[in-house]
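Hi everyone, thanks for coming. Have a look at the screen for a moment, and then I'll walk you through a few things.

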Amino acid sequence: MTQQRWSGGRRALLTLGGLTLLSACAGPPPKPAAPAATPAPPPSSPVSSVPPPSPTPTGLPPIAIQSKPLYVVPAAAVPKGSKAVALTFDDGPDPAYTPQVLRILRQHHIKATFFVIGQQAHDHPGLIRSIVDEGHLIGTHTWSHKDVSRMTAARARTEIGRAVDTVAATTGHIPHLFRAPYGSWSPTAFQVCAQLGQTSIAWDVDPRDWDDAGWDQIRSKVLHQVGNRSIVLTHDGGGDRSPTVRALRHFLPVLVDRGYRFVGV
């Protein structure tokens, strides 16, 4: 009986030991595999704080640097044996005076050149289009009528280029003529003009209509100073230009009678 009990106990112990051994061999259940790590992106190049060079705002190719502006109409632009004069207007367009000037020029079949201020061109695009539609030339006179001879190259580029871009956006044509306010250039200003494809234009006849001159004084100075290939400075903006408008009505017929042809610059 004791042997039977031992045999039964031994069987129980063997069974229990086998289960323990199987459990130990099996071990804990495997953990799920971790997802593959996403490779780190390659290091990016450092961002430069200096922007790339801007293209020429005007879109015109550079020209040779001038040492001085043109004071008279180039001889090549005047046919041999004829007399020519270029009539120019600064500081416009002005809604009070530019339409009157255009009307007088139309009556006498005369073409002129208008050196416009960028701010005025921006504020009065219809007048800019009228100037072009009537066959006149447009040049620029800076954005805000500041003295470019006192500016850095960057500031001059902005003053000149912004005015040029404004006219180009309004007319679809890029102007290439520039007149410095006060007739004041500098080596830096000439360099910037050349980079922007702008030819600098001055004058040789100044009736000082910007200096509160009366209409008869303006008329007299133009008629006494003008000569073949002259560039005449007058104004259609920047102040009271009624004396200039009245003077135009008197000296233009005289110049026509003298045989002058009116040309652009």
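Let me start with a question: which side chain meets Arg106 in a salt bridge? It's Glu134, and the N to O distance is 2.8 Å. Before I go on, please keep in mind that this is a predicted model.

So what does that pair do in the fold? Arg106 sits in helix α2, while Glu134 is in the loop between α4 and β3, so the salt bridge ties together parts that are 28 residues apart in sequence. As for how covered the two partners are, Arg106 is partly exposed, with a relative accessible area of 44%. Glu134 is partly exposed too, at 22% relative accessibility, and the cut-off for buried is under 20%.

Okay, let's zoom out. The chain is 265 residues long, and 42% of them count as buried. You'll find eight helices and seven strands. If you take contacts between residues at least 6 apart in sequence, 79% of them join residues at least 24 apart. And on the outside, the chain exposes about 14900 Å², with carbon and sulfur atoms supplying 58% of that.

Back to salt bridges. How many are there in total? The count comes to five, and I'll show you two more. One of them joins Glu159 and Arg155, at 3.8 Å from N to O. These two are four residues apart in helix α5, which runs over residues 153–171, so about one helical turn separates them. In general, an α-helix has 3.6 residues a turn, so residues three or four places apart point the same way. Now, is Glu159 buried or exposed? Buried, at 6% relative accessibility. Its partner Arg155, on the other hand, is partly exposed at 40%.

The other one I want to show is Asp211 with Arg208, where the N to O distance is 3.1 Å. Here Asp211 is partly exposed, at 39% relative accessibility, and Arg208 is partly exposed as well, at 34%.

Next up, a helix worth rotating on your screens: α8, residues 242–257. It has 16 residues and spans 24 Å from its first C-alpha to its last, which is close to the 22 Å expected. Where does α8 bend? At Leu248, by about 30°. Leu248 is also one of the buried residues of α8, along with Thr244, Val245, Ala247, Phe251, Leu252 and Leu255.

And what do those buried residues pack against? Quite a list: two helices, α2 (98–107) and α7 (215–225), plus the strands β1 (83–90), β6 (230–235) and β7 (260–262). You've met α2 already, as that's the helix where Arg106 lies. Just after α8 you come to Gly259, which takes a positive phi of about 90°.

Last stop, the strands. We just saw β1 among the packing partners of α8. β1 runs parallel to β2, and three bridges join them. Thr88, for instance, has Thr113 of β2 as its bridge partner. Within β2, which covers residues 113–116, Thr113 and Phe115 point one way, and Phe114 and Val116 point the other. Which of those four are buried or exposed? All of them are buried, on both sides of the strand.

That's my tour, so let's spin the model around and talk.

Key. Residues numbered from 1 in each chain as written. Predicted model: local features only at pLDDT ≥ 70, side-chain atom pairs only at ≥ 80, totals over all residues. Heavy atoms only, no water. Expected span 1.5 Å × (residues − 1). Bend = angle between axes of the 7 residues up to and from the residue. Buried < 20%, exposed > 50% of the residue type's maximum accessible area, 1.4 Å probe, protein only. Contact = heavy atoms within 4.5 Å. Salt bridge = Lys/Arg side-chain N within 4 Å of Asp/Glu carboxyl O. Areas by Shrake-Rupley, 256 points an atom, 1.4 Å probe, with all protein chains shown as cover. Pairing = 2+ DSSP bridges.
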